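This report covers two topics: a contact between chains and a ligand site.

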Amino acid sequence: MKRYDAIVIGGGLLGCFTARNLRRWDLSTAVLEAREDVCTGISRANTAVVYPGYDHKPGTLKAALTVSANRDFDVLCRELDVPFSRCGSLMAACGPKGEAVLRRKFRNGQENGVPDLQLLGRDELLALEPELTPDVTLGLYAPTAGTVNPWALGIAAMENAAQNGAALDRNAPVTSITEDSGGYIVETENETFSCRAIVNCAGLRSVAVQELCYPSPVQLRITAGDYLVLDSLTSHSPKHIVQFEPEQGKGLTAVPTVEGNLLLGPSERPGVDFGTTRDGLDFVRSLTRQVLPQVDLNDTIRTFAALRPNPERPDGSSIRSFVIDRPAERFWSFLGVKTPGMTCADALGLHVARELAGALQVNKNPAFQPVRNGIVQARNLDFEARRRLIAETPEHGEVVCCCEDVTLAEIHAAIKAGATTVDGVKRRVGATMGRCQGSRCRLKIEALLREEAGHGN
Amino acid sequence: METDLLIIGAGAAGLSAAVGAWEAGCRDILIADRRAHLGGVLEQCIHTGFHGDLTGPEYAALLSCSLRDTGVSLQLETEVLSVSQSREAVLSSRKGLERVTFSQMILASGCRERPLGALDITGARPAGVYTAGEAQEMMNLRNEDPGENILILGSGDLGMIVARRCFLRGKRVIAVLEQAETYTGMAKNYHRCMETHAIPLRAGCTVTELHGEGRLRGVTVRELDSGSEEFIPCDTLLLATGLIPEQTLVSHLGNPPWLHLAGNCNRVHDLADSAAAEGRSIGLEIGKK
Ligand SMILES: Cc1cc2nc3c(=O)[nH]c(=O)nc-3n(C[C@H](O)[C@H](O)[C@H](O)COP(=O)(O)OP(=O)(O)OC[C@H]3O[C@@H](n4cnc5c(N)ncnc54)[C@H](O)[C@@H]3O)c2cc1C
Ligand SMILES: Cc1cc2nc3c(=O)[nH]c(=O)nc-3n(C[C@H](O)[C@H](O)[C@H](O)COP(=O)(O)OP(=O)(O)OC[C@H]3O[C@@H](n4cnc5c(N)ncnc54)[C@H](O)[C@@H]3O)c2cc1C
């Protein structure tokens, strides 16, 4: 039976960052992930925004964590070698109701300490972001908002945790948890572990996992939302994150992603799987036409859906704050963390890791290394650097994914780093994400995966 | 490196353009292609019907032969990464990265297929959904099967040819679906590919939703006239829903006088012969300069 100080259940953004931060202390750590890869749950599909922190009530943990996490995001992404674009966000209103929302958020933001927030009138707004509808009347400009790819971030955190000694078991759904001499026995389908403490980061299943051992103070109502992704060559993509606050109903976010695409969404609707719906997509299209009228939706290359866990009290009322439950001295649960859970993932992981280290009374890990080096991608290099790279590693000369310029050496590196599926390769090096959506390279990647699996046997 | 004429793509159009330019007197020509073989997409078209009754690979061989007696330089397994306004292309291969400056350029980069995400199809994203060209590559170049119970969306030539190929590999082709009133490819292909093998055509309908976790379990098909919907079980859906000229490399360039487009990257040609003819005439014209 394998023994660990801490077992993290679930390898989404929160699990990956919790593991990373646990290794800042002298805590042997394992992540047990039910699926074939990390970041395939909630964290596989979100709006990709690093929020500035004006959405939340002053004085709340959410407000404080978001503002400080946003401030530290450049450092975090430099440490983890993850592309981050601090492109700024514009929240746009076209009438009195939306304007009132913006004014309230502006005041919140000032109280929360969000830097450089500005309310802008129509002309200033259109000068800053000419793609906005001329009907716009007021805008809230947050230059500190940014965008990051959720799975790139989560995978980087897990790799950093692993490099610092954390173990990762995939295809390991936890099926049973029992208290045992001050700690726990944790069973997966194939293995039994013992540990001194548990952090439950099971996302959509977090309540179910807690209920393997303790009652849960909340229930999760799952809803879904739809997104569209546009070709990176589409014209009239905004340069900033644009958030539309319509006069009635739900708003829309448009994000110029780090990959160069335009991401539009999400809708809000019932749903318990990752399938898209026509109504949801039509909602996104309709709001896009209102706020970014020039965007050509015929340039769509992909649609996808996301799942939201909405924590509710037993009386059915919804909970706005992050729910971090501690049903026992050595058991922590993130119960349905939604927006801005990605922005705050490192901060939340650190928060729980610190408590856990205190409870187990362990020392800091002096060998902790926060810097992770990602896979070298030829497309990010200038001519000379790329030439040298190919001279050293000829497989960098062969482009496999021609839309996104991903080389054979990068695909091999992704497989070596743990990808077992085409999606796993996509999440590690971006292959198949472009305008042909893998129709010209998927078969080749599948063959490489099979080849590599063959070698492993 | 320098060259008078750079041709990107060694498919029917690029090869013919090179031969045309050589015949017209141009003596400094370089063709680059990412593939290992000449002929572009012809390699995977193992059926007959090219240039009379040749197979795709035979036609590719024929086109390559006419290149043999010329002094055209070839760089295969070479990706053209970028082309700049200053007439410089960056080429990448296992041998290295190099800059090529040129006086004239012919883009003969073919086309790509419209992917699932660009279609108005909702629902899950299970395995078992391929573009028709991908399925053609699987069966003809990799000896793999896309699936067992196959639906094909789109009755252009590619859709019908792939339907026959699936049938000949012993698969069950449930139907070829088409949103128009009848098939959109050539009558010849309808007779040879569909009628001969009794593959059903269902016109006036489209796929609106995919079902299945892991593997495709079936699709919702909507009759466009009545709006009625039906679930059709299948494990594979092949998308033959359109070809898009591949102009990404030059999309930022506008229309400089040194840039010429030939073959499917200019407009989608039904017949490889027509792509070749277009390449040849552009080559002849540029070669004179
Ligand atoms: C629509 C949407 C948009 C969002 N947009 C943003 C945004 O723009 N910015 C932002 O900051 N935040 C955003 N968020 C929030 C952020 O995405 C989430 O907070 C975060 O992804 C949650 O991660 P997680 O680790 O809790 O869950 P998950 O990613 O779901 O991870 C949980 C993991 O646990 C595993 N698991 C489940 N059961 C078991 C078991 N029994 N045993 C082992 N493993 C198990 C699952 O397989 C899964 O991998 C958004 C969220 C949603 C829903
Ligand atoms: C999937 C598919 C299946 C077809 N099947 C049939 C059929 O069955 N019967 C029929 O009559 N017609 C078929 N056609 C049509 C016919 O084959 C074509 O019209 C004709 O062969 C196209 O020739 P081309 O030279 O324009 O393009 P292609 O043959 O596609 O050649 C373009 C070449 O450019 C290369 N290239 C592109 N970009 C770069 C770059 N950046 N760097 C390096 N190289 C690059 C590509 O690798 C490719 O080899 C098919 C077309 C497609 C796309």
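The text below takes the interface first and the ligand second. The model is predicted.

**Interface of chain B and chain A**

On the chain B side, 34 residues touch chain A, where they meet 37 residues. The size of an interface is often given as the accessible area lost when the parts come together. Here the area buried between chain B and chain A is about 2,900 Å², and carbon and sulfur atoms give 50% of that area. Within chain B, the residues that lose the most area to chain A are B:Arg94, B:Leu97 and B:Glu134; together they account for 22% of what that side buries.

B:Glu134 also takes part in a salt bridge, with A:Arg442 as its partner. The closest N and O atoms of B:Glu134 and A:Arg442 are 2.8 Å apart. Between chain B and chain A the count is six salt bridges. Polar contacts across the interface of chain B and chain A amount to 13 residue pairs, with both residues at pLDDT 80 or more.

Which elements of chain B give two or more residues to the side that touches chain A? They are the strands β6 (79–84), β7 (88–93), β8 (96–107), β9 (111–113), β10 (122–123) and β11 (129–131), together with the helix α3 (132–141). The largest share comes from β8(B), with four residues. By class, the side of chain B that touches chain A holds 14 charged, 10 polar and 10 nonpolar residues.

**Ligand 2**

Ligand 2 is surrounded by 33 residues. The closest are B:Ala13, B:Asp33, B:Val41, B:His47 and B:Asn264. The table gives distances from an oxygen atom of ligand 2 to an N or O atom of a residue in chain B.

| Residue | Part of the residue | Distance to an oxygen atom of ligand 2 |
|---|---|---|
| B:Ala13 | backbone N or O atom | 2.9 Å |
| B:Asp33 | side-chain N or O atom | 2.6 Å |
| B:Ala108 | backbone N or O atom | 3.5 Å |

Taken alone, ligand 2 exposes 990 Å², and the protein buries 94% of that area.

In chain B, the helices α1 (12–23), α3 and α4 (157–168) and the strand β6 each supply at least two residues of the shell around ligand 2. By class, this shell has 14 nonpolar, 14 polar and five charged residues.

Two of these elements recur. β6 and α3 of chain B each give two or more residues to the side that touches chain A, and β6 and α3 each supply at least two residues of the shell around ligand 2.

Note on methods: Residues are numbered from 1 along each chain as its sequence is written. Chains are lettered from A and ligands numbered from 1 in the order in which they are written. This is a predicted model: local features need pLDDT of at least 70, side-chain atom pairs count only at pLDDT 80 or more; totals for chains, interfaces and linings use all residues. Side-chain values use heavy atoms; hydrogens and water are left out. Contact means heavy atoms within 4.5 Å. Buried area is the accessible area (1.4 Å probe) that two parts lose on being put together, summed over both. A salt bridge is a side-chain nitrogen of Lys or Arg within 4 Å of a carboxyl oxygen of Asp or Glu. A polar contact is a pair of N or O atoms within 3.5 Å; within protein, one must be able to donate a hydrogen and the other to accept it, and residues adjacent in sequence count only if both atoms are side-chain atoms. Ala, Val, Leu, Ile, Met, Phe, Trp, Tyr, Cys and Pro count as nonpolar, Asp, Glu, Lys and Arg as charged, and the others, Gly among them, as polar. A residue is near a molecule or strand if one of its heavy atoms lies within 4 Å of it. Accessible areas come from the Shrake-Rupley method with a 1.4 Å probe; for residues, only the protein chains shown count as cover.
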